[in-house]
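Let's take a friendly walk through a few backbone details and one strand pairing. Have the sequence and the 3D view ready as you read.

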Amino acid sequence: MHPDERRDRLDAVLISPEATIARAVERLERAGTGALLVCDRERRLIGLLTDGDVRRAILAGVSFDRACVEVAKREPVVATADVTPAEALQLMDRGREFVVNHLPLVTADGVVVGLLLRSDLVTREQLPLSAVIMAGGFGKRLLPLTEQTPKPMLRVGDRPLLERTIGSLRDAGIARVAITTHHLADRITGHFGDGSGFGVELSYVSEDSPLGTAGALRLLGEVREPVLVINGDILTGISYADMLRFHRANRADMTVGVRRCDVEIPYGVLETDGAYIRGVREKPRSSFLINAGIYLLEPAVHRLIPDGRRFDMTDLIQRLLDEGRRVASFPIVEYWLDIGQRADYEQAQLDIEVAGIDR
């Protein structure tokens with residue numbers, strides 16, 4: 001890594017122990033490293049905060065107003081700046097009872113001088129997954145932009161959103177991608193062809209009539225490996241490898257990508273008992289986990305999708321729950337945006353320019 005890039009990364013990943021978890025999530029989104037270095041004012045390392053730590057905090061219901069140091073690893077594996085690639089990998093693989101992907105570089109007195117990632121040292125391997133991008137919708141909420149252009153083909157920055165999604169799948173090591181099409185399908189097939197020009201093997205699933213967010217998956221035919229499904233209007237920096245590891249660790253039949261959403265009621269809320277007021281909460285805030293439009297499905301789940309009729313992912317989730325199957329929720333702490341409305345589309349353009357997600 002060039003010294004300037006190393007310095008830029010270090011500047012991006014430093015965070016104070018007093019910073020809130022909410023602030024740390026913002027920094028994680030921008031840094032794109034999957035980890036932050038929690039340091040004091042002299043840049044002495046206090047802890048390592050990874051996206052996995054934040055995911056566990058979300059699932060445990062920890063308030064995002066808490067200090068980030070409370071959920072960070074306080075004694076991470078570290079190395080000196082002169083560590084060799086072989087030594088670094090050895091530390092990452094065997095420095096703890098579990099494999100780590102981030103190695104802080106420190107001086108003898110604990111001052112951080114860099115952050116080494118596993119991806120700096122090894123070539124990314126192919127994931128044992130195929131992917132499906134749901135791109136058949138009409139995009140009515142984005143009219144008139146979608147009159148002649150499918151929503152996933154709208155440009156975000158210098159290229160179509162769908163091209164960005166395919167690139168992220170390719171870079172994650174997913175080589176086989178199917179795209180479901182309906183509205184203005186030729187604009188998609190004509191741009192991507194067989195996918196060879198974009199580094200993937202592409203196939204298309206044509207919906208004669210809209211089959212919902214899950215129904216079109218039945219048209220894939222027999223499925224022999226886990227399938228990653230992503231809505232075509234999602235812009236995200238999610239780690240698909242982390243999602244797969246989480247899916248396997250929880251022995252899930254289906255894993256749903258979820259996003260933490262904070263809702264503030266802009267009024268004083270009254271707690272009542274009959275005609276009497278017992279308390280007042282001024283502008284209370286509640287947190288929810290929302291469906292982020294990204295899913296991992298085991299092959300057996302694919303067989304539960306009915307043939308030839310509309311069937312949504314929410315229907316599939318409910319069917320699995322009714323059968324006692326295991327459905328896991330994977331909190332997405334990386335950048336994520338659902339481009340459903342004009343304001344979202346404008347935000348995507350700003351984020352590409354400013355937030356550093358155009359990697």
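## A parallel strand pair

Two strands count as paired if DSSP finds at least two bridges between them. In this predicted model, strand β9 (residues 176–181) and strand β10 (residues 201–206) run parallel and are joined by six bridges. If you would like one contact to look up, take T181: its bridge partner in β10 is S206.

How are β9 and β10 arranged with helix α6 (residues 185–192)? Together, β9, α6 and β10 make a right-handed β-α-β unit.

## Two residues with positive phi

Most residues other than glycine have a negative phi. With that in mind, have a look at R43, which is not a glycine and yet has a positive phi of about 65°. You will find R43 in the loop between β2 (35–39) and β3 (45–50). With a relative accessible area of 34%, R43 is partly exposed, because that label covers values from 20% to 50%.

K283 is another non-glycine residue with a positive phi, here about 45°. The loop that holds K283 connects β15 (276–282) and β16 (285–297). Is K283 buried, exposed or partly exposed? K283 is partly exposed, as its relative accessible area is 43%.

## A cis peptide bond

Most peptide bonds are trans. The bond from L143 to P144, however, is cis, and its omega is near 5°. To find this spot in your viewer, go to the loop between β6 (130–134) and β7 (155–156), where P144 lies.

Definitions and conventions
Residues are numbered from 1 along each chain as its sequence is written. This is a predicted model: local features need pLDDT of at least 70, side-chain atom pairs count only at pLDDT 80 or more; totals for chains, interfaces and linings use all residues. Side-chain values use heavy atoms; hydrogens and water are left out. Helices (H or I, at least four residues) and strands (E, at least two) are DSSP runs, numbered from the N terminus. Buried means under 20% relative accessible area, exposed over 50%, partly exposed in between (1.4 Å probe, protein chains only). A crossover is right-handed if, with the strands pointing away from the viewer, the path from the first strand over the helix to the second runs clockwise.
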